[in-house]
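User: I'd like to understand the reasoning behind some structural labels. Could you walk me through them?

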Amino acid sequence: MYELVEKSEIFNVHKMVIKAPGIADSMKPGQFCIIMATEFSERIPMTVSDWSTDTGTITIYALELGISTLELARMKVGGSLYAVTGPLGTPSEIRHYGTVVLGGGCYGIGGIYPIAKACKEAGNEVISIVEARYSPMFYHEKELQQVSNQVFYATSDGSRGKKGKVEDVIAEMLERGARVDQAFFMGCTQMLERCSEATRPIGIPTKVALNSIMLDGTGMCGACRVTVGGETKFACVDGPEFDGHKVDWRELQQRKSAYTEQEAVVYQSLSHECLAEKKLRGEL
Amino acid sequence: MGLTAKERMAIERHSMAEQPAGFRNRNFEEVPYGYTPDEAVAEAQRCLSCKNRPCVSGCPVEVPIPEFIALVTEKRFTEAARLIKTKNVLPAVCGRVCPQETQCEAVCIQGKKDKTQAVAIGNLERFAADFERENNPMEAPEVQDKNGLKVAIIGSGPSGLTVAGDLIRFGYEVTIYEAFHRGGGVLVYGIPEFRLPKKVVETEIKALEDTGVTIHYNSVIGRLYTVDDLFKRLGFSAVFIGVGAGLPIFLDIPGMNLNGVFSANEYLTRSNLMKSYLFPQYKTPVIVGKGVAVIGGGNVAMDSARTAIRLGAEKVTIVYRRAREQMPARAAEVHHAEEEGIEFRLLSSPVEIFRNDQGWVTGMKCQRYELGEPDESGRRRPVPIENSFFEFDCDLVVVSIGGKANPLITRTTPDMEVNKWGYIVTDPWGRTSKRSVYAGGDIVTGAATVISSMGAGRRAAKAIHEDLTKENDETFTPDWW
Amino acid sequence: MAEVAEQKPVAMETMTINGKTVSFSSGETILDVARRSGIYIPTVCARADLPSTGSCRLCIVKVEGARGYVTSCTTPAEPDMVVTTNSEEIEKLRRGILELILSEHPSACLVCAIRETCEKFNAPSSKAGRVTGCNMCPNRDTCELRQLVEYLGLEGIRYPLLYKGLPLERDDPFMDRDYNLCILCGRCIRVCQENLGLSAISFIRRGHCTKVGTSFEKLHVDGNCVFCMHCVDVCPTGALTVRGSKWYGYPDSEIPTTCILCERGCELVIDVKWNKVMGAHPTRDMNAGKREYCVKGRCCLPALFNSPHRLKYPAIRRDDSTMIYTDWGYVIPQVSEAIARYKPEEIAILCSRSLTDESIFALHEFARVFAESNVFYIVEGEIVFPSIEKSDKILKDIKLLYATEANSLSKEIEEQFVSLEDIIIQDIYPSPMSRSPKVSAILPATVFTEMDGTKSCAGNRRKSVTKAAEPQGSAIPDWEITVRVGTALNSADFRIKDFRSIQNHILRHPWVIAAVPMAPKDSLTYRGSPIADFVPDFRIFVEGRVQSKGEVHF
């Protein structure tokens with residue numbers, strides 16, 4: 001089974017270190033895993049932010065944003081996940097680009113780390129830009145600093161770095177005349193779109209890691225299909241990284257909201273694994 | 001017992017009792033209830049035990065049909081099941097989903113005059129297997145001494161399970177790599193609960209695991225390991241690829257990526273593997289359409305339509321390009337679907353799917369077709385009729401027009417030959433162009449039946465055994481490389 | 001003269017607010033007077049229906065002659081007082097106060113440059129466990145802090161966020177609490193302590209660590225809390241939320257109706273989205289001064305009514321004894337034929353107390369014509385005939401039972417009908433009885449949020465029930481089933497034919513409804529089905545309470 005060996009929470013971001021030796025051995029930057037917390041859970045894709053072949057573990061940063069991630073958030077160290085499948089997706093294309101900008105928000109703050117690391121190892125100048133609402137919401141910070149030549153911060157309230165978002169930092173950099181050869185972005189769909197728009201005018205090659213709804217993750221079902229440059233692609237096998245300037249964002253956003261109704265309904269009869277219930281069952 | 005051939009001929013075929021159509025279309029329980037022991041014996045007595053056993057040659061895995069039926073007449077049901085299992089590791093599955101009417105039953109002497117009067121071999125097979133499962137503790141088959149050779153099987157579908165079942169008996173160490181969290185491949189994600197209860201598949205897989213087969217779930221070969229990794233890093237002597245066809249095809253018409261358009265693979269996987277018909281207990285959601293349109297005319301289309309109506313759709317329509325006679329689905333399935341209230345719009349093909357502002361499907365525009373000259377498949381080619389468009393409302397579309405080969409493995413195994421459609425090229429025994437790599441099932445043939453995949457598995461198992469045995473004999477050079 | 005016509009409050013004195021002379025009665029605060037006079041003073045802690053404490057200080061006003069500013073919610077009005085509620089200076093002070101409040105409330109989204117597009121993009125807020133900003137907050141659309149930010153035109157917060165870092169409290173049934181969002185206004189404590197007299201919560205710890213909680217920080221379910229959710233309804237922030245119904249965003253419509261789970265008949269507004277009941281909340285003019293609703297109506301309805309186990313399609317037993325689903329057009333003649341096979345004295349009707357007046361009346365009218373008025377109820381497991389004297393002897397004659405509350409039919413009750421041959425079920429949920437071979441038909445009915453009607457509640461009040469959501473499957477209201485079956489039986493004596501004619505008859509025969517027993521307020525069932533079977537949290541609450549206190553009240 002896939003034992004949870006470490007868990008901590010930073011502002012709704014749950015760091016989970018999971019024992020999965022085979023997966024850790026084969027993981028490459030830009031890939032993800034599909035995770036089921038329990039036998040009854042959905043299969044949800046999760047970007048892998050770090051892994052270690054020594055300890056045979058993978059690290060994911062899961063934001064609690066719905067029932068499936070609630071199940072993950074509830075898990076305790078020592079518990080086991082029902083299923084972890086991976087690595088999945090096409091790895092990021094890592095080569096010597098020159099100057100690489102990596103932008104991350106939400107889970108992407110952790111998600112860009114392996115790409116940054118690989119880019120650095122490939123001899124690139126790595127500039128990481130991360131965004132959050134407040135300064136204490138940044139995580140995986142030291143690690144990111146180690147693999148970046150520079151790290152810029154952007155906060156909504158201005159409590160750290162620039163007041164604004166990743167694209168504001170990019171705009172500032174470009175104004176200063178900085179040269180960027182390749183950009184990678186990872187975060188919520190809206191952030192990916194905004195950042196892609198920021199790099200479009202001067203034609204910076206831009207890769208975005210899309211996070212569409214998935215089921216099997218092997219290309220079998222087509223749930224994750226996205227339109228990129230007018231062509232239908234499967235995010236799970238052709239992606240998750242695509243050219244940010246060619247993605248049909250509106251369609252992606254619509255497809256991601258396909259289950260809003262069911263997502264809300266499932267909370268109504270949620271059998272909450274709460275203390276009160278455990279007490280009733282005499283487990284406390 | 002002592003019936004004459006004439007007496008046997010005189011008995012009418014026994015049909016299985018089933019849930020009435022008006023009831024079963026609202027639940028996910030299995031449609032036919034199965035034979036009672038008395039019915040089974042009575043049906044078994046219809047078998048003439050012909051000397052030349054045409055039925056056996058009609059069976060892709062050569063089940064000793066007359067012999068097991070004879071055991072049923074003697075009420076030795078468990079023995080009958082075990083006899084079938086010497087050739088077919090999944091009798092409870094095949095009894096339910098095999099197209100017997102085109103295989104064993106098609107050549108049955110009892111059905112010579114009237115096809116519908118063939119001995120109900122499938123029903124009897126199902127009965128025997130169910131009887132054994134329900135009344136006996138699973139009995140591990142005899143296994144030869146371990147020969148120290150490891151074989152990896154990719155995919156736990158019908159072909160993979162067959163190869164595993166055969167090789168474990170020959171003394172190999174067998175490891176199955178399954179991409180999903182449950183074993184069974186198409187048997188669990190594709191075929192719905194009401195046609196094949198999942199507990200049947202689970203028992204079969206459990207039995208296989210008990211005999212010593214290791215199944216690694218959640219393991220996607222091509223990503224986790226490449227085929228070469230399996231040889232070099234993990235020390236396997238042979239690899240069998242039975243991963244199924246894989247990629248769904250969508251139509252090239254406007255509106256294919258709208259919310260509410262599913263591939264049949266997705267729709268069925270949600271409902272079957274993820275059990276979203278039990279939502280919210282199982283957390284995977286599925287959209288319950290009001291008006292559901294299923295595009296396609298195969299068994300998968302029938303399964304999708306029948307799933308949709310069970311999930312609570314008010315109206316389910318099958319849209320198919322050709323006429324009823326050309327439908328690839330089993331006649332029985334089409335009949336079941338019709339009984340359950342599913343509407344057929346034949347000789348029609350969608351040209352556009354309509355949407356609302358939120359990006360959801362609202363309807364479909366179709367064009368009428370007529371049948372023209374036969375094409376290379378021998379079926380009459382459907383020809384669109386000009387300006388014969390019609391529209392209807394629907395809020396869910398399931399596309400079930402077949403699939404393509406999944407390239408996950410073939411792309412990471414460049415030295416293995418594939419044909420222009422991406423399917424793996426093999427010899428009749430499942431040997432691929434890559435040494436010690438075998439393949440079978442839909443990844444070789446394209447979408448086919450459970451039993452033909454099992455047949456391919458059986459042949460591949462034989463080939464693997466033969467090749468590996470000879471390989472250890474240094475003087476022998478197999479003729480195929 | 002006009003002045004005569006103007007009704008003057010008695011014993012009134014006058015004062016001036018913002019240059020306008022207003023009258024007041026003794027005991028009123030400046031805020032009371034201002035509110036009554038239509039003058040808006042911003043507040044977060046004060047509410048008209050709660051005692052004031054002056055803790056948020058946003059309601060400060062200038063009183064001529066008084067030093068500094070006073071909190072209008074705690075300062076009594078005095079004759080000839082001259083009050084200014086509004087000035088550059090006051091607004092500036094209020095902005096400062098709001099900034100301080102927000103410095104302990106994660107509110108970066110309020111000052112975020114992309115706030116609007118972000119909220120439009122994420123129409124329903126993400127279902128975050130820990131809320132770190134408005135776009136993740138379930139209370140986003142009704143947040144009073146956001147309204148104040150708008151009103152005061154606050155553009156930035158000068159202080160860094162002081163996030164308390166308290167653990168989420170999600171271990172109780174029904175309720176999620178995130179005191180990191182709490183601004184310590186104390187409304188919840190006041191409503192619980194002073195208005196409802198439960199005192200389940202109070203301020204605990206001290207100084208910077210002050211928070212709302214139970215004594216010894218026990219779970220709410222172990223204390224006095226009855227999960228009535230009045231605290232949730234007065235909370236100005238997203239700190240207190242109902243777990244089961246907080247993530248659907250804007251409802252498509254809000255329909256006021258009456259909860260008829262018990263005799264109290266509380267008025268509730270049903271939030272409808274996707275044609276489903278997604279939540280229930282108090283009416284706009286809710287008076288937190290009294291218990292207006294309980295956990296059953298406030299929290300249980302969505303799970304209860306959206307249950308996948310609801311009966312959805314009519315089913316009938318065929319000649320070969322198998323049941324099949326069918327449609328109303330087929331089942332109604334079948335049912336009426338079955339009824340016609342028996343003599344009126346052989347038929348009895350089990351009427352559910354949880355039906356609307358129209359449905360109950362329809363059953364009575366049906367019984368009067370076709371079943372010798374053999375209507376009975378099951379009250380606390382006992383058969384009760386309300387209007388006529390019926391003896392056990394009559395029970396022995398009954399061959400056909402028409403049950404609208406099959407889950408109340410215990411084995412013992414069924415055994416009292418010794419010659420029972422046939423059961424027709426008209427219900428909303430399956431019951432153990434549905435599997436009985438005697439059942440010849442199952443008719444799916446709607447729940448009260450799926451139909452219009454009226455319901456007589458305690459205190460002789462007749463309240464209206466309004467259709468909010470679409471029925472599940474092909475269920476129809478109970479009265480409609482009765483009317484259809486009755487009409488098919490083709491008797492001139494059967495006088496009701498539609499909703500209006502039922503209502504007319506109810507007016508003319510009020511004693512029929514008056515004799516109906518009512519579901520007690522502590523009832524744990526709806527239409528005979530245990531609510532706990534459909535709402536896991538309800539089971540936790542009830543069983544926990546019974547374990548600790550031996551009984552449960554709502």
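User: Why are helix 6 and helix 7 of chain A called roughly parallel?

Analyst: Happy to explain! In this predicted model, helix 6 (residues 166-175) of chain A packs against helix 7 (residues 189-199) of chain A at an angle of about 10 degrees, and their axes are 9 Å apart. Angles under 35 degrees count as roughly parallel, so helix 6 of chain A is roughly parallel to helix 7 of chain A.

User: Which residues make that contact?

Analyst: Helix 6 of chain A contributes Val166(A), Glu167(A), Ile170(A) and Ala171(A), while helix 7 of chain A contributes Met191(A), Arg194(A), Cys195(A), Ala198(A) and Thr199(A).

User: What makes Cys195(A) nonpolar and Thr199(A) polar here?

Analyst: It is a matter of the class lists: Cys is counted as nonpolar, whereas Thr falls among the others, which count as polar. By class, this contact of helix 6 with helix 7 of chain A has 6 nonpolar, 1 polar and 2 charged residues.

User: Let's turn to the chains. How many residues does the contact between chain C and chain A take from each?

Analyst: Chain C gives 44 residues and chain A gives 35 residues. On the side of chain C, at least two residues each come from helix 4 (115-121), strand 12 (276-282), helix 8 (295-305) and helix 16 (536-549). Helix 16 of chain C gives the most, with 5 residues. By class, the side of chain C that touches chain A has 27 nonpolar, 8 polar and 9 charged residues.

User: And which numbers describe the contact of chain C with chain B?

Analyst: That one takes 8 residues from chain C and 5 residues from chain B. Its chain C side has 4 nonpolar, 3 polar and 1 charged residues.

User: What does it take for a residue of chain C to be called buried, and what percentage of chain C is buried?

Analyst: A residue is buried if 20 or more other C-beta atoms lie within 10 Å of its own. In chain C, 48% of the 554 residues are buried.

User: How do you know that domain 1 and domain 3 of chain B touch?

Analyst: Two residues are in contact if their C-beta atoms lie within 7 Å. By that criterion, 8 residues of domain 1 of chain B are in contact with 8 residues of domain 3 of chain B. The domain 1 side has 4 nonpolar, 2 polar and 2 charged residues. The centres of these two domains of chain B, taken over C-alpha atoms, are 32 Å apart.

Note on methods. Residues numbered from 1 in each chain as written. Chains lettered and ligands numbered in written order. Predicted model: local features only at pLDDT ≥ 70, side-chain atom pairs only at ≥ 80, totals over all residues. Domains from an automatic or database assignment. Buried ≥ 20, exposed ≤ 12 C-beta atoms within 10 Å, placed from the backbone. Axes fitted to C-alpha atoms, helices over the stretch in contact; angles between N-to-C directions. Helix = DSSP H or I, 4+ residues; strand = E, 2+ residues; numbered from the N terminus. Parallel < 35°, antiparallel > 145°, perpendicular 65-115°, else oblique.
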